[in-house]
Amino acid sequence: MSAGQPDRKPRRFPLQLDQVATVKSSGPKPAPVAQTGARELLRPQAHLQQIEQDRRRHTTPQGVGMDSIHVRRRMVERLMLDGISHQHVLDAFVRVPRHLFVDTALVNQAYEDTSLPIGLGQTISKPSVVAAMMQLLCVRPGLQVQAEVTVTHKPLGQCLEIGSGCGYQAALLGHLSRRVVSIERLRDLHLKARANLDTLRQHLPEWPDVRLVYGDGMIGHAPLAPYDTIIAAAGGAALPQAWIDQLAPGGRLVAPLEEARGGTQVLTILDRLPDGSLQHSRAGAVLFVPLKSGTT
Ligand code: SAH
């Protein structure tokens, strides 16, 4: 998995850690009966509306106990079966309630290992993939050369996230980082992430330092660079030079990268060694939304 190794078929992602190390709603109301004189109007949509009301009632957090820590623990047990073993990563998944980040209609799927739509054609990534990427950052080789005690509690140091989306991953990263800077190019999603993190703030006793930035993540965020860790939730044809420039010595970048134009994406790992040199490695096939330039 190191630079210069011949190309080979991408392996399934996530990898095992040892492989990685080598390199409310009220009840339904009766449909109103509109009358013209003694005659009742036919309302063909009424029963559909009632079905929708019933569906919403069954998928709200109250109905399915989504606020229970046990639901998150079950998800974490599945992550462990998928090879996630880093305790800080597992703890973050226990702490952050994913159902707070998805639309009401999707709440009953919030703790399944699946990507879910968050609007504007974007998706919140699968928990197993997010966890595996975070674990890759936690085991960066550069961490060993940093002697500060705080590093062990905040193994991601100062972290840059490209693609805030709904803010879920930013919240997870916040538990492992001294500070997270998370950039989103779609204004409405940036505002959604902001609102979600405000809601989360009321649930958490200790609020991590997460800064949401509206902008084009392809240029990184120079004012707070360098970053010990960089993670991208969208994949392009090449790693933007700004990300490489903003990666600190001992730092690690994890991002999906297109192998061929419009082709498969492979998770790419870039380490900046303490001497400043760069080392590339690959960690299996992934499928992320495209990295796009500019803002909307
Ligand atoms: N981490 C997110 C997943 C977001 S999906 C979550 O937990 O919800 C990927 C996101 O990357 C999308 O919201 C998309 O708009 C964003 N994106 C794509 N290209 C970008 C760019 N150049 N700069 C910033 N965000 C970008």
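A pocket is here an open set of grid points, computed over the protein atoms alone, with protein on both sides within 12 Å along at least five of seven lines. In this predicted model, the largest pocket holds about 610 Å³ of space. Of the 37 residues that line the largest pocket, those closest to its centre are Thr123, Ala233, Ala234, Phe288 and Val289. At least two lining residues come from each of β4, α6 (127-138), β5 (158-162), α8, β6, β12 (278-286) and β13, and β4 makes the greatest contribution, with 3 residues. Sorted by class, this lining comprises 21 nonpolar, 10 polar and 6 charged residues.

The largest pocket is also the space taken by the ligand. The elements that give two or more residues to the shell around the ligand are β4 (122-124), α8 (168-174), β6 (179-184) and β13 (289-290), with β4 again giving the most, namely 3 residues. In total, 27 residues surround the ligand, and the closest of them are Thr123, Glu184, Asp216, Gly217 and Lys292. The composition of this shell by class is 13 nonpolar, 9 polar and 5 charged residues.

Polar contacts to nitrogen atoms of the ligand involve both side-chain and backbone atoms of the protein. A polar side-chain atom of Asp216, a residue that is also listed among the closest to the ligand, lies 2.9 Å from a ligand nitrogen atom. On the backbone side, an N or O atom of Gly163 is placed 3.1 Å from a nitrogen atom of the ligand, while a polar backbone atom of Arg185 is found 3.4 Å from a ligand nitrogen atom. Taken alone, the ligand would expose 580 Å², of which the protein buries 99%.

Apart from the ligand site, the enclosed space of the model was also examined. The second largest cavity has a volume of about 40 Å³, and its lining consists of Met75, Arg78, Leu79, Asp82, Tyr111, Glu112, Asp113 and Pro127. Helix α4 (residues 69-81) supplies the largest share of this lining, with 3 residues. By class, the lining of the second largest cavity is made up of 4 nonpolar and 4 charged residues, with no polar residues, whereas the lining of the largest pocket includes 10 polar residues.

How values were computed. Residues are numbered from 1 along each chain as its sequence is written. This is a predicted model: local features need pLDDT of at least 70, side-chain atom pairs count only at pLDDT 80 or more; totals for chains, interfaces and linings use all residues. Side-chain values use heavy atoms; hydrogens and water are left out. A residue is near a molecule or strand if one of its heavy atoms lies within 4 Å of it. A polar contact is a pair of N or O atoms within 3.5 Å; within protein, one must be able to donate a hydrogen and the other to accept it, and residues adjacent in sequence count only if both atoms are side-chain atoms. Accessible areas come from the Shrake-Rupley method with a 1.4 Å probe; for residues, only the protein chains shown count as cover. On a 1 Å grid over the protein atoms alone, a cavity is a set of points where a 1.4 Å probe fits but cannot get out, and a pocket is an open set with protein on both sides within 12 Å along at least five of seven lines; lining residues have an atom within 4 Å of a point. A molecule sits in a cavity or pocket if more than half of its atoms lie within 2 Å of its grid points. Helices (H or I, at least four residues) and strands (E, at least two) are DSSP runs, numbered from the N terminus. Ala, Val, Leu, Ile, Met, Phe, Trp, Tyr, Cys and Pro count as nonpolar, Asp, Glu, Lys and Arg as charged, and the others, Gly among them, as polar. Grid points are joined across faces, edges and corners, and a volume is the space filled by probe spheres set on the points.
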